[in-house]
Amino acid sequence: MKRLITVLATASAMALSAASANAATASATASMEILQQVSIVQVSDLNFGTIVPDTALDVDVHIEPDATNTRDCGILTCADAASVSAGQFDVTGASGLLVDLTGSPTATLSDGNGNTMPIVLEKSDRDLTMTGAAMPVYVGGAVTVAANQTPGVYSTSFDLTAEYQ
C-alpha cells in the first residue's frame, strides 16, 4: 500500500510539472491618440447686394461660391457691388483627416412681412482633407427675385456643419 501511495504521489507530481512546463505568458500594450476636434467658424455672410426687380420676369441672381465675390444679375439692375460676398467659413481639424461638409441646399429670404425669395445654396467643397491650418469654405448660390418683388431688406440664416468622416 505504501508503494501504491508513492506511485500515485509521483504521478501527481509529474502531471503538475508537465502542466506548468507547457504554460506561456505574453503581454500587450494599450494606447490611444486624441486628435484635435474639428471646428468651423463663420468669417463672412452671403450678401447678394442691392437688386432692382424686373416688372415682368422672375430672374435668378447668382453669387459664385468662391473668394471672387462674383455676382451675375442676369437682366436685373444690380447696385452696391462693394457689399457683395460669398459666405465664408474657416474649418480647422487634425492634419490628414477628411472632413465632410453638410448643410441645407436651400433657404428662404424673408422681409419679416410675409414676402419671401427662395435661395439654392452652393458650397465650394463637399469635403476637405485637413492640413492642420484653417481652410476656407465658401457658400454662394442663386436667389430668385420675382417680378415686382416687394421692396425691403430680406434675410435668413443657414448652417454649415463640418464632421470627421
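**Entry 1: strand 3**

I began with strand 3, where the side chains alternate: Val59, Val61 and Ile63 point to one face and are buried, while Asp60 and His62 point to the other face and are not buried. I note at the outset that the model is predicted. Strand 3 covers residues 59-63 and pairs with strand 11 in the antiparallel sense, over 5 bridges. I looked up two positions along this pairing. Val59 stands opposite Val145 of strand 11, and the bridge partner of Asp60 in strand 11 is Thr144.

I then turned to strand 4, residues 71-72, which is joined to strand 3 by 2 bridges and runs antiparallel to strand 3. Here His62 stands opposite Asp72.

**Entry 2: overall composition**

I next recorded the element count: the protein has 1 helix and 12 strands. Read from the N terminus, the order of elements is α-β-β-β-β-β-β-β-β-β-β-β-β. The protein has 165 residues, of which 26% count as buried.

**Entry 3: strand 11 and its partners**

How many residues of strand 11 are buried? I found 9 of its 11 residues buried, and I therefore list strand 11 as mostly covered, with buried meaning under 20% relative accessible area.

I have already noted the antiparallel pairing of strand 11 with strand 3. I looked up two further pairings. Strand 6 and strand 11 run antiparallel and are joined by 5 bridges; in strand 11, Met135 stands opposite Val91. Strand 9 and strand 11 also run antiparallel, joined by 5 bridges. For this pairing I recorded Glu122, which stands opposite Gly140 in strand 11.

**Entry 4: aromatic pair**

I searched the whole structure for aromatic pairs and obtained 1. The rings are those of Phe89 and Phe158, in an edge-to-face arrangement with 6.3 Å centre to centre and 70° between the planes. Why does this pair count as edge-to-face? The planes of Phe89 and Phe158 are 70° apart, and an angle over 60 degrees counts as edge-to-face, so the pair is assigned to that class.

The pair links distant parts of the chain: Phe89 is in strand 6 (residues 87-92), Phe158 is in the loop between strand 11 (135-145) and strand 12 (161-164), and the two are 69 residues apart.

I compared each accessibility with the cut-off. Phe89 has 9% relative accessibility and therefore counts as buried. Phe158, with a relative accessible area of 22%, is partly exposed.

**Entry 5: largest pocket**

I moved on to the pockets. The largest has a volume of about 670 Å³. It is lined by 26 residues, and those closest to its centre are Phe48, Gly49, Leu109, Tyr154 and Ser155. Which elements give two or more residues to this lining? They are strand 1 (39-44), strand 2 (50-52), strand 9 (116-123) and strand 11. I sorted the lining of the largest pocket by class and recorded 14 nonpolar, 11 polar and 1 charged residues.

**Entry 6: second largest pocket**

The second largest pocket has a volume of about 160 Å³. Its lining includes Phe158, which I had met as a member of the aromatic pair. Glu122 is also among the lining residues; I had listed Glu122 opposite Gly140 of strand 11. Others in the lining include Gly103, Ser104, Pro105, Asp125, Arg126 and Val139. Strand 9 gives the largest share of this lining, with 3 residues. By class, I recorded 5 nonpolar, 2 polar and 5 charged residues for the second largest pocket.

**Entry 7: two single residues**

I looked up Ser85, which is found in the loop between strand 5 (77-79) and strand 6. Is Ser85 buried or exposed? At 14% relative accessibility, Ser85 counts as buried. The side chain of Ser85 reaches the backbone oxygen of Asp45 at 2.7 Å.

My last lookup was Ile51, which lies in strand 2. Ile51 has 23% relative accessibility and therefore counts as partly exposed. I also recorded its separation from Cys73: the two residues are 22 apart along the chain, and their C-alpha atoms are separated by 8.0 Å.

Terms used
Residues numbered from 1 in each chain as written. Predicted model: local features only at pLDDT ≥ 70, side-chain atom pairs only at ≥ 80, totals over all residues. Heavy atoms only, no water. Phe/Tyr/Trp six-rings, centres within 6.5 Å; stacked < 30°, edge-to-face > 60°. Helix = DSSP H or I, 4+ residues; strand = E, 2+ residues; numbered from the N terminus. Buried < 20%, exposed > 50% of the residue type's maximum accessible area, 1.4 Å probe, protein only. 1 Å grid on protein atoms, 1.4 Å probe; cavity = no way out; pocket = protein on both sides within 12 Å on 5 of 7 lines; lining within 4 Å. Points joined across faces, edges and corners; volume = space filled by probe spheres on them. Nonpolar A, V, L, I, M, F, W, Y, C, P; charged D, E, K, R; others polar. Pairing = 2+ DSSP bridges. Polar contact = N/O pair within 3.5 Å; in protein donor to acceptor, adjacent residues only side chain to side chain.
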